[in-house]
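Reader: Please select one part of this model and examine it closely, with its packing and its charged pairs, before placing it in its wider setting. Where a classification rests on a threshold, kindly state the threshold.

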Amino acid sequence: LAMKIRRTYAETVKTLNLEMMQVSKEGPKNYQEYWNQSGDYFSPYWWQDEEKRKAAILWLKEEARITGGVSMNRLLSNAEKYEEDLNRLYAIQAIANAERSGSYDDQTFNTLQNALGVGRIDYNEKNHMLTEKDFEFLEEWEKKIVGKKSGYNLEKGWGDVILGFATLMAGFAAKGISVKEAAPKVKGVKNGQKAFGNKGITVSKGVGESSKSTTSTGDVRYRYGNQVAPIGKTYEMSLNPDIYVEAVVKKYGINLKASGKEIKVVIDPNHLKGPGKILKSDPTTIILGPSAFVSEVELANTIAHELNHARSYLKGGLAPESTAYSAGDALEDYIKGGR
């Protein structure tokens with residue numbers, strides 16, 4: 001039995017190595033090189049390219065094999081800072097058929113739990129690590145997804161909504177599946193109810209990461225974590241808010257780049273309808289109003305929020321508010337000691 005197990009493992013590794021050699025002939029030699037590719041490889045909707053999507057899952061499997069697993073919490077924490085982790089999230093969402101939000105939100109969690117539920121019952125509120133076996137399972141899961149073409153049409157904007165919906169319905173009709181049946185189902189989670197809710201969950205961090213948790217006792221909720229001390233705001237920063245903005249961006253490692261373009265932050269004292277905004281016609285400029293400066297936390301949250309919109313617009317997306325709030329609130333939660 002031991003010999004059989006060793007032989008099976010060796011055959012699996014050999015198969016994976018052969019796949020990686022095929023992908024690596026004229027391209028990246030390791031997963032770090034793959035995700036850090038420059039140029040237009042990761043262009044808007046790059047995951048719709050079947051060859052790129054296949055390459056992405058091969059490199060995700062390789063990364064999980066080498067590191068022991070890909071932490072979804074780490075990707076969420078780093079997505080606003082590093083575009084390579086944002087693209088990892090997009091790849092995983094595309095493979096699992098979750099909305100390509102670029103955030104590890106409730107919808108993505110529900111979809112992954114649903115997809116992996118058959119093969120792995122412990123992907124839950126305490127375990128957010130994807131292993132090599134998980135990616136192999138997702139690879140097979142993706143082959144069974146109905147209506148991918150319609151989903152891609154819907155992704156590209158309202159101009160293709162009718163075509164996308166028609167293709168989706170035709171796909172379901174051919175398979176005898178209703179729209180209600182096709183929706184992801186998670187045990188114990190009803191439609192419209194968040195998977196995380198207010199349950200006092202414990203979040204396990206990835207390899208080499210510190211672990212913080214939220215626990216509950218009865219109706220009492222506790223959150224443990226160390227808050228990040230604010231910058232000592234100088235007189236010069238008060239006179240020149242641009243210097244303060246630069247300091248906050250640098251402190252939290254906010255990567256003001258999107259789709260190969262630099263994102264600039266400007267201050268408009270006349271913008272009074274909220275802390276910040278961005279225009280679809282000018283997606284490389286984040287505009288901050290006076291209310292963004294009520295605190296360091298609010299400033300960092302606003303920049304992360306508007307940066308998410310910028311990245312969506314530059315990739316041809318609709319810049320939904322849900323993912324922007326997830327991005328800003330994730331950074332705020334980190335500052336307040338929740339991550």
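Author: A residue is called buried when its relative accessible area is under 20%, exposed when that value is over 50%, and partly exposed in between. By this criterion, buried residues account for 43% of the 339 residues in the chain of this predicted model. The chain contains 14 helices and 9 strands. Of the contacts between residues at least 6 apart in sequence, 55% join residues at least 24 apart. The part chosen here is helix α7, which spans residues 132–143.

Two packed helices are described by the angle between their axes and the distance between those axes. For α7 and helix α3 (residues 50–67), the axes come within 8 Å and cross at roughly 160°. Angles over 145 degrees count as roughly antiparallel, and α3 is therefore roughly antiparallel to α7. The crossing of these two helices is left-handed. On the α3 side, the contact is made by R53, I57, L60, K61, A64 and R65. On the α7 side, the participants are E132, F135, E136, L138, E139 and E142. Classified by side chain, the residues of this contact comprise 5 nonpolar, no polar and 7 charged.

The packing of α7 with α6 (106–116) has another geometry. Here the axes are 10 Å apart and the angle is about 90°. Since angles of 65 to 115 degrees count as roughly perpendicular, α6 is roughly perpendicular to α7. L112, N114, A115 and L116 of α6 meet D134, F137, L138 and W141 of α7. This contact has 6 nonpolar, 1 polar and 1 charged residues. L138 takes part in the contact with α3 and also in the contact with α6.

The charged residues of α7 merit separate attention. Side chains of opposite charge can pair when their charged atoms come close. Within the contact with α3, E139 forms a salt bridge with K61, and the closest N and O atoms are 3.0 Å apart. This pair links distant parts of the chain, with E139 in α7 and K61 in α3, 78 residues apart. Both E139 and K61 are buried.

A second salt bridge lies within α7 itself, between K143 and E140, with 3.1 Å between the closest N and O atoms. K143 and E140 are 3 residues apart in the helix, which means that about one helical turn separates them. K143 counts as exposed because its relative accessibility is 59%. E140, with a relative accessibility of 39%, counts as partly exposed because this value falls between the two thresholds.

These two pairs may be set beside others in the chain. A search of the whole structure finds 13 salt bridges. One of them joins the side chains of E296 and K251, at 2.8 Å from N to O. It too links distant parts of the chain: E296 belongs to helix α13 (residues 296–314) and K251 to helix α12 (residues 241–251), 45 residues apart. E296 has a relative accessibility of 7% and so counts as buried, while K251, at 32%, is partly exposed. Elsewhere, salt bridges that share partners join E63, R74, D85 and R88 into one network.

The surroundings also include helix α5 (83–96). N87 is found in α5 and, with a relative accessibility of 2%, counts as buried. Leaving aside residues up to four places away in sequence, N87 touches W35, F42, W46 and K315.

Finally, the backbone calls for comment at two loop positions. Most residues other than glycine have a negative phi. N97, in the loop between α5 and α6, has a positive phi near 70°. Its relative accessibility of 37% makes N97 partly exposed. S259 likewise has a positive phi, of about 50°, although it is not a glycine. S259 lies in the loop between β5 (257–258) and β6 (261–262) and is partly exposed, with a relative accessible area of 28%.

In summary, α7 is roughly antiparallel to α3 and roughly perpendicular to α6. Its salt bridges include the buried pair of E139 with K61 and the pair of K143 with E140.

Key. Residues numbered from 1 in each chain as written. Predicted model: local features only at pLDDT ≥ 70, side-chain atom pairs only at ≥ 80, totals over all residues. Heavy atoms only, no water. Axes fitted to C-alpha atoms, helices over the stretch in contact; angles between N-to-C directions. Helix = DSSP H or I, 4+ residues; strand = E, 2+ residues; numbered from the N terminus. Parallel < 35°, antiparallel > 145°, perpendicular 65-115°, else oblique. Left-handed = near helix turned anticlockwise from the far one by under 90°. Contact = heavy atoms within 4.5 Å. Nonpolar A, V, L, I, M, F, W, Y, C, P; charged D, E, K, R; others polar. Salt bridge = Lys/Arg side-chain N within 4 Å of Asp/Glu carboxyl O. Buried < 20%, exposed > 50% of the residue type's maximum accessible area, 1.4 Å probe, protein only.
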